[in-house]
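Reader: I should like to learn how a protein model is read, beginning with the whole and ending with single residues. May I put some questions to you?

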Amino acid sequence: MNIGDVAERTGLPAKTIRYYEEIGLVHPLRGTNDYRSFTDAHVHKLAFLGRARGLGFSIEECRALLALYEDRGRASADVKRIAKTHLAEIEEKMKELSAMRDTLADLVEKCAGDHRPDCPILKDLSEVGQDAP
């Protein structure tokens with residue numbers, strides 16, 4: 001099947017599929033005309049990558065997960081380790097986002113939002129040495 005068919009079946013843009021090929025995550029067959037030809041196994045692998053990327057795994061984490069998926073002698077502990085590390089990263093980002101939200105909500109609450117030029121939001125943003133949450 002061609003790249004358009006694969007894109008439709010996986011929900012991935014053709015550009016993404018070509019990128020995954022470029023970085024060596026998939027290796028479609030090439031016909032005499034040099035067109036890409038994909039098998040059901042390629043579709044499955046690309047769907048796997050799409051789902052993993054949708055969960056926020058990095059390209060390198062996807063590469064590792066895909067290698068483990070294809071390794072029938074794998075230890076599930078290796079898969080779990082990658083997933084646990086990624087989960088910890090997500091939880092840390094959530095803490096950071098929560099702190100950002102709290103700070104911004106506080107600034108929005110303090111701003112009168114009227115016709116006066118006084119604005120606590122701009123004052124806070126302009127303070128030197130002020131760290132982001």
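Author: The questions and answers below concern this predicted model.

Reader: In what pattern do the helices and strands follow one another along the sequence?

Author: The protein has six helices and two strands. Read from the beginning of the sequence to the end, these elements give the pattern α-α-β-β-α-α-α-α.

Reader: Is the protein more spread out or less spread out than a compact globule?

Author: For 133 residues the globule rule gives 14 Å, whereas the radius of gyration of the protein is 23 Å, well over that value. The C-alpha trace spans about 70 × 40 × 25 Å along the principal axes. Because the radius of gyration is well over the value from the rule, the protein is more spread out than a compact globule.

Reader: What percentage of the accessible surface belongs to carbon and sulfur atoms?

Author: The accessible surface of the protein comes to about 9,600 Å². Buried residues make up 22% of the 133 residues. Of the accessible surface, the part belonging to carbon and sulfur atoms is 55%.

Reader: How far apart do the centres of the positive and negative side chains lie?

Author: The protein has 20 positive and 23 negative side chains. Each set has its own centre, and the distance between the two centres is 6 Å.

Reader: Is histidine 42 buried or exposed?

Author: Histidine 42 belongs to helix 3, which covers residues 40-54. Beyond its neighbours within four places in sequence, histidine 42 is in contact with His27, Pro28, Leu29 and Ser37. A residue counts as buried under 20% relative accessible area. The value for histidine 42 is 11%, so this residue is buried.

Reader: Which residue has the backbone nitrogen that the side chain of histidine 42 reaches?

Author: A polar contact requires a pair of N or O atoms within 3.5 Å. The side chain of histidine 42 reaches such a partner at 2.9 Å, and that partner is the backbone nitrogen of threonine 39.

Reader: Where is aspartate 34 placed?

Author: Phi of aspartate 34 is near 70°, a positive value in a residue other than glycine. Strand 1 covers 29-30 and strand 2 covers 36-37, and aspartate 34 is in the loop between strand 1 and strand 2.

Reader: What separation do the C-alpha atoms of leucine 55 and leucine 87 have?

Author: Leucine 55 lies in the loop between helix 3 and helix 4. Leaving aside neighbours within four places in sequence, leucine 55 is in contact with His86 and Ile90. Leucine 55 and leucine 87 are 32 residues apart along the chain, and their C-alpha atoms are separated by 9.7 Å.

Note on methods
Residues are numbered from 1 along each chain as its sequence is written. This is a predicted model: local features need pLDDT of at least 70, side-chain atom pairs count only at pLDDT 80 or more; totals for chains, interfaces and linings use all residues. Side-chain values use heavy atoms; hydrogens and water are left out. Helices (H or I, at least four residues) and strands (E, at least two) are DSSP runs, numbered from the N terminus. Buried means under 20% relative accessible area, exposed over 50%, partly exposed in between (1.4 Å probe, protein chains only). A polar contact is a pair of N or O atoms within 3.5 Å; within protein, one must be able to donate a hydrogen and the other to accept it, and residues adjacent in sequence count only if both atoms are side-chain atoms. Contact means heavy atoms within 4.5 Å. The radius of gyration is taken over C-alpha atoms; the globule rule is 2.2 Å times the number of residues to the power 0.38. Accessible areas come from the Shrake-Rupley method with a 1.4 Å probe; for residues, only the protein chains shown count as cover. Lys and Arg count as positive and Asp and Glu as negative; His and the chain ends are not counted. The place of a charge is taken as NZ of Lys, CZ of Arg, CG of Asp or CD of Glu.
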